[in-house]
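Colleague: I have the sequence and the coordinates open beside me, and I would like to go through them with you step by step. Could you take my questions in turn and give your reasoning with each reply?

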Amino acid sequence: MALRSAQGDGPTSSRWDGGAEKTDLNAKKKKKVAEIYQALDSDPTDVAALRRMAISEGGLLTDEIRQKVWPKLLNVNTNDPPPISGKDLRQVSKDYQQVLLDVRRSLRRFPPGMPEQQREGLQEELIDIILLVLERNPQLHYYQGYHDIVVTFLLVVGEKLTASLVEKLSTHHLRDFMDPTMDNTKHILNYLMPIIDQVNPELHDFMQSAEVGTIFALSWLITWFGHVLSDFRHVVRLYDFFLACHPLMPIYFAAVIVLYREQEVLDCDCDMASVHHLLSQIPQDLPYETLISRAGDLFVQFPPSELAREAAAQQQAEKTAASTFKDFELASAQQRPDMVLRQRFRGLLRPEDRTKDVLTKPRTNRFMKLAVMGLTVALGAAALAVVKSALEWAPKFQLQLFP
């Protein structure tokens with residue numbers, strides 16, 4: 001049962017709301033809902049279609065739908081929940097005290113107006129779920145911010161499903177963050193500046209001169225933005241997107257936020273304190289659907305394999321989250337999403353331009369920019385189809401992730 005009743009279970013995207021276009025938008029919503037249930041009812045389930053629905057405008061729309069689709073995106077059998085531990089995990093877990101402190105500080109992650117008794121009950125469930133996942137997977141190490149991800153699942157899908165989904169997520173998408181050191185987390189953060197450099201060299205150079213680094217984006221990445229966004233609708237919309245995509249997609253989304261705020265950054269004093277302060281205060285009124293579309297475009301044009309050298313190529317592929325997708329391959333073969341998107345992208349180019357290297361950035365004039373952001377209007381359809389089947393595709397992709 002959905003647990004967010006205090007906030008309602010309406011559509012996540014404001015684009016579905018109000019105005020003279022309300023009738024048309026409602027019709028679009030109904031059509032999308034019908035397509036989602038058609039994919040769910042297929043035999044076998046049409047996971048590729050569910051991924052397209054999760055990525056496209058509005059995401060999965062309601063928590064009721066997410067309860068059905070999120071397990072499919074993670075390839076989790078909802079009829080086989082993790083067994084309850086026979087141990088008193090609160091007594092034996094080395095992480096209990098830290099988890100307890102973090103959960104107690106999580107009041108703002110619960111819906112406004114939720115009765116105190118209900119909220120306290122959910123916090124107890126949150127503690128137990130985290131300790132259970134850690135106990136079942138001793139290779140995982142708790143980090144502050146992990147509870148922000150777990151509480152998102154708890155509020156959407158309930159206790160029983162959360163334990164199963166979070167365990168799969170923790171051993172795959174979040175695996176790098178749960179190492180004993182932050183080395184792999186830092187490595188993923190190292191993709192941020194190369195992405196920005198490919199799109200906007202001027203902004204990249206300004207940030208480099210300011211020596212701001214990438215630490216401002218750490219909480220964005222390790223909580224999938226759950227800790228920094230105040231509107232829960234926006235959080236679950238991003239979770240739809242990230243669950244349907246490659247595990248490095250959150251760093252591309254972080255990059256498009258910085259790129260979107262280009263002028264604000266360039267108007268700052270060129271010093272670490274000023275730029276860090278600006279970027280660490282994430283706006284709450286971002287154009288989420290536009291940024292999701294742009295993140296998809298950038299992933300296609302500048303895939304991790306193209307950026308790996310600049311993002312510290314000395315890291316070995318087997319130490320990153322993409323390599324943990326080996327056991328995620330689905331039984332039914334589905335078309336690789338990178339090929340789908342590249343074909344659509346190339347189809348937009350003039351024939352005489354198709355042999356040119358679209359990834360080559362202009363270096364002679366540092367004030368020139370790639371027209372990547374301008375392409376997003378034309379590439380919207382491609383961006384909405386990012387990762388038709390990330391689960392099937394990732395094991396093949398991992399071999400070329402690092403040169």
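The questions and replies below go from the whole chain to helix packing and then to single residues.

Colleague: What kind of model is this, and how many helices and strands does the protein have?

Modeller: This is a predicted model, and everything I say below should be read with that in mind. Of the 403 residues in the protein, buried residues make up 58%, and among contacts between residues at least 6 apart in sequence, 81% join residues at least 24 apart. As for the secondary structure, the count is 22 helices and 0 strands.

Colleague: Where does UniProt place the feature "transmembrane region", and how much of residues 241–260 is helix?

Modeller: The UniProt record, an unreviewed entry, places that feature at residues 241–260 and 370–391. Over residues 241–260 of the model, the end C-alpha atoms are 19 Å apart and strand accounts for 0%. The helix content of that stretch is 75%.

Colleague: How are α10 and α14 oriented to each other, and what is the handedness of their crossing?

Modeller: Helix α10 covers residues 192–199 and helix α14 covers residues 249–260, and the two pack with their axes 9 Å apart at an angle of about 50 degrees. That angle is neither under 35 degrees nor within 65 to 115 degrees, so the pair falls in the oblique class. On the α10 side, Leu-192, Ile-195, Ile-196 and Val-199 take part, and they meet Ile-251, Tyr-252, Ala-254, Ala-255, Val-258 and Leu-259 of α14. The helices are therefore oblique to each other, and their crossing is right-handed.

Colleague: Which orientation describes α3 and α7, and which residues of α7 make the contact?

Modeller: The axes of α3 (residues 63–73) and α7 (residues 146–157) come within 9 Å and cross at roughly 115 degrees. That makes the two helices roughly perpendicular. From α3 the contact uses Asp-63, Arg-66, Gln-67 and Trp-70, while the residues on the α7 side are Phe-153, Leu-155, Val-156 and Val-157.

Colleague: Which residues of α11 are buried, and what covers them?

Modeller: Helix α11 spans residues 201–210, and its buried residues are Pro-201, Leu-203, His-204, Phe-206, Met-207 and Ala-210. After this helix comes Glu-211, whose phi is positive, near 55 degrees. What covers the buried residues of α11 includes α10, α14, α15 and α16.

Colleague: Is Leu-279 buried or exposed, and with which residues is it in contact?

Modeller: Leu-279 is found in helix α16, and it is buried because its relative accessible area is 0%. Ile-215 is 64 residues away from Leu-279 in sequence, with 9.9 Å between their C-alpha atoms. Leaving aside neighbours within four places in sequence, the contacts of Leu-279 are Met-207, Phe-216, Trp-220, Val-258, Arg-261 and Val-265.

Colleague: Is Ser-106 buried or exposed, and which backbone oxygen does its side chain reach?

Modeller: Ser-106 is found in the loop between α5 and α6, and it counts as buried because its relative accessibility is 2%, with the cut-off at under 20%. Beyond its neighbours within four places in sequence, it is in contact with Gln-123, Leu-126 and His-147. Its side chain reaches, at 2.4 Å, the backbone oxygen of Val-103.

Colleague: Which backbone oxygen does the side chain of Asn-137 reach, and at what distance?

Modeller: Asn-137 has its place in the loop between α6 and α7, where it counts as buried at 9% relative accessibility. Apart from neighbours within four places in sequence, it is in contact with Glu-167 and Thr-171. The side chain reaches the backbone oxygen of Val-133, at 2.9 Å.

Colleague: What is the omega of the cis peptide bond, and what are the phi values of Asn-75 and Trp-224?

Modeller: Most residues other than glycine have a negative phi, and most peptide bonds are trans. The cis bond joins Asp-43 and Pro-44, and Pro-44 lies in the loop between α1 and α2. Asn-75, in the loop between α3 and α4, is partly exposed at 35%, whereas Trp-224, in the loop between α12 and α13, counts as buried at 1%. The omega is about 5 degrees, and the phi values are both positive, near 55 degrees for Asn-75 and about 50 degrees for Trp-224.

Notes: Residues are numbered from 1 along each chain as its sequence is written. This is a predicted model: local features need pLDDT of at least 70, side-chain atom pairs count only at pLDDT 80 or more; totals for chains, interfaces and linings use all residues. Side-chain values use heavy atoms; hydrogens and water are left out. Helices (H or I, at least four residues) and strands (E, at least two) are DSSP runs, numbered from the N terminus. Buried means under 20% relative accessible area, exposed over 50%, partly exposed in between (1.4 Å probe, protein chains only). A polar contact is a pair of N or O atoms within 3.5 Å; within protein, one must be able to donate a hydrogen and the other to accept it, and residues adjacent in sequence count only if both atoms are side-chain atoms. Contact means heavy atoms within 4.5 Å. UniProt positions are given in the numbering used here, feature names are shortened, and annotations may be inferred rather than shown by experiment. Axes are lines fitted to C-alpha atoms, for helices over the stretch in contact, and angles run from 0 to 180 degrees between N-to-C directions. Angles under 35 degrees count as roughly parallel, over 145 as roughly antiparallel, 65 to 115 as roughly perpendicular and the rest as oblique. A crossing is left-handed if the near helix is turned anticlockwise from the far one by less than a right angle, and right-handed if clockwise.
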